[in-house]
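Here are a few short exercises for you to try on a structure. Have your viewer open, and work through each one before reading its solution.

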Amino acid sequence: MTEHIPTTHELETPTAIQVVDLVRDYPRPRTSLFQPAPVVHALRGVSLEVKQGERFGIVGESGCGKSTLLRLIAALDRATSGHVIVEDTDITRLPERRLRSLRENLQLVFQDPMSSLDPRMRVRDIIAEPLVVQGHPASGERVRELLEAVGLSADAGDRYPHQFSGGQRQRISIARALAPRPRILIADEPVSALDVSVRAQVLNLISDLVDELDLTLVFVSHDLSVVKHVCDRVAVMNAGQIVETGYTGDVYAAPQHPYTQRLVSAIPTLQRALSGATTADLLAKGESA
Amino acid sequence: MNDVLTVRGLSVTVRDTALVSDVDLTVGAGERVGLIGESGSGKSLTALSILGLLPEDVRAGGSVRLDGVDHELVGADERRMSRVRGRDIAMVFQEPMTALNPTMRIGDQLAEAMLIHKTLAKPAARTAAADLLDRVQLPAETLRAYPHQLSGGQRQRVVLALALANDPALLICDEPTTALDVTVQALVLDLIVRGVVDRSSALLFITHDLAVVATVCERVLVMYGGRVVEAGPVAEVFTRPRHRYTEGLLAASDLETTSRRLTTIPGNVPPAGRFPSGCVFRTRCAHATALCEETPPWTGSETAGFACHHPAGVGND
């Protein structure tokens, strides 16, 4: 594993999220009466540190454990061992009733807005829900403000999620996430289900909001080129471990770990294709999966 | 080079709503042609109408001819189409789990493809099935497996093996790697290209990913609002786009840009039937004028051209 040496500037910045040697094993259903149940090692000792105000990317293919890691950071799941420290609080073994400040400070945006938005709630209620749950008064003013911040018209609040396109629904998810004024925003594949032209709009929106509201962003994606555009630093995950961490530009330009090399070379890009790269070149550093 | 697939004036309508209008498309033997566009642009419907697989109340018009098939494919009855499908034209869909029969072993499904079209008899079909699996780099044990025992990438390779079983003249792939991881995508794309090159089959490759199409195809058609708005060789269209939609699409997918903000196309793709009259892109186009209320004529040759009143790259922007 390669670690970058922090500069003095970074040492002064407080840490937003610290993950120490995190392990999560899932037992699978027993297959035999006489043998112990098989275990899936979803995370095998993951450590990382995200500074405040940083845009941190997590990249990996399906099944590498990136969603498990997110769930643990958001305290939606319990770790087998290890620690998750969010803004100086070790949340790893806190009971639900003591997670209130985490639930306000850390918010999530999921990949599929159709399954993360309640189809029977009006958009204004969806956006106000995190406030209501936390016991804050949810004013119509705040909802309108949030709708405007994500580029939706005020009358959008009266409608239902199915009346919106994929990109607009993702804007609603972002507005909901921002409602309790979080300091950390976690986005799990927020643009994977979107068309190219809409993807650019949503990426710009996330980027602008992170700047304006001074958020710490954790951006998870299987697409290294999207992460490269959005994030300052990136961790590459494979088989439940982080195989490489570094500045996105460096990791993309000169990947160190064999897995990252394979991942980077497999990404088709317009530039490479136009200079004559074929599908065989995508496999250049890889072997059959 | 003789044309394997010739599509002329293809239109697809559901009741009174036009979903695809006036699509012309030819694919030559051994040629790899890409069809790109965002969701709702009509690219999948174009593919389905070539195969005669449109849903019940959706109608196709125009003409689709395939080299070696002596009848018109548009409006052909199911009995005749079922002889063409899987033998002369094969298709790889996006979601391999729905394309495979969950209750049949892989080997039986592969053999069935050849038995149904009587291209091979039973013992030979079994040997051929093993050979096909070998060509998509799957072990011979896969013959005995059921689809649910395979990963997404393995399933998609089985679907590809099935599609190539009868050496089709035309292979249509509709977003074949969208559901796959990048490293698996690289392998599947390479197998598709090698599969069609080995057989000198024609390939019609549908995707929304410009980088994928640039890697796989030689020629590309850009669709928007059910119309082909631009066509030409990949190197030409992607370096010197003429239609404003192509230009916007290229700018929006450029993640290599050094600026923090990406260039976007304003607005959303309208739902089917809500595209404007005249130029379909005019409601989202920064260059639109009153002239764009008229349908722009096709400029250029049949294989390389565009339909735009205010094309990019003429020094007036």
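Rings of Phe, Tyr and Trp (its six-membered ring) pair if their centres lie within 6.5 Å. The model you are looking at is predicted.

**Exercise 1.** Find how many aromatic pairs there are over all chains, then classify the one formed by B:Tyr224 and B:Tyr245.

*Solution.* A search of the whole structure gives four aromatic pairs. For B:Tyr224 and B:Tyr245, the centres are 4.4 Å apart and the planes make an angle of 45°. Planes under 30 degrees apart count as stacked and over 60 as edge-to-face, so this pair is tilted. Next, place the two rings: B:Tyr224 sits in strand 8 (residues 219-224) of chain B and B:Tyr245 in helix 10 (residues 244-253) of chain B, so the pair ties together parts that are 21 residues apart in sequence.

**Exercise 2.** Classify the pair of B:Tyr245 and B:Phe281, and decide whether these residues are buried or exposed.

*Solution.* Start with the geometry: 5.2 Å centre to centre and 65° between the planes, an edge-to-face pair. B:Phe281 belongs to the loop between helix 10 and strand 10 (299-300) of chain B, so its pairing with B:Tyr245 in helix 10 ties together parts that are 36 residues apart in sequence. Both B:Tyr245 and B:Phe281 are buried. Finally, ring pairs join B:Tyr224, B:Tyr245, B:Phe275 and B:Phe281 into a cluster.

**Exercise 3.** Which residues form a positive surface patch with B:Arg79?

*Solution.* The partners are B:Arg80, B:Arg83 and B:Lys118. B:Arg79 itself lies in helix 2 (residues 78-84) of chain B. With a relative accessible area of 54%, B:Arg79 is exposed.

Conventions: Residues numbered from 1 in each chain as written. Chains lettered and ligands numbered in written order. Predicted model: local features only at pLDDT ≥ 70, side-chain atom pairs only at ≥ 80, totals over all residues. Heavy atoms only, no water. Patch = residues over 30% accessible without salt bridge, like charges linked within 9 Å, V, L, I, M, F, W, Y side chains within 5 Å. Areas by Shrake-Rupley, 256 points an atom, 1.4 Å probe, with all protein chains shown as cover. Salt bridge = Lys/Arg side-chain N within 4 Å of Asp/Glu carboxyl O. Lys, Arg positive; Asp, Glu negative; His and termini not counted. Charge placed at Lys NZ, Arg CZ, Asp CG, Glu CD. Helix = DSSP H or I, 4+ residues; strand = E, 2+ residues; numbered from the N terminus. Buried < 20%, exposed > 50% of the residue type's maximum accessible area, 1.4 Å probe, protein only.
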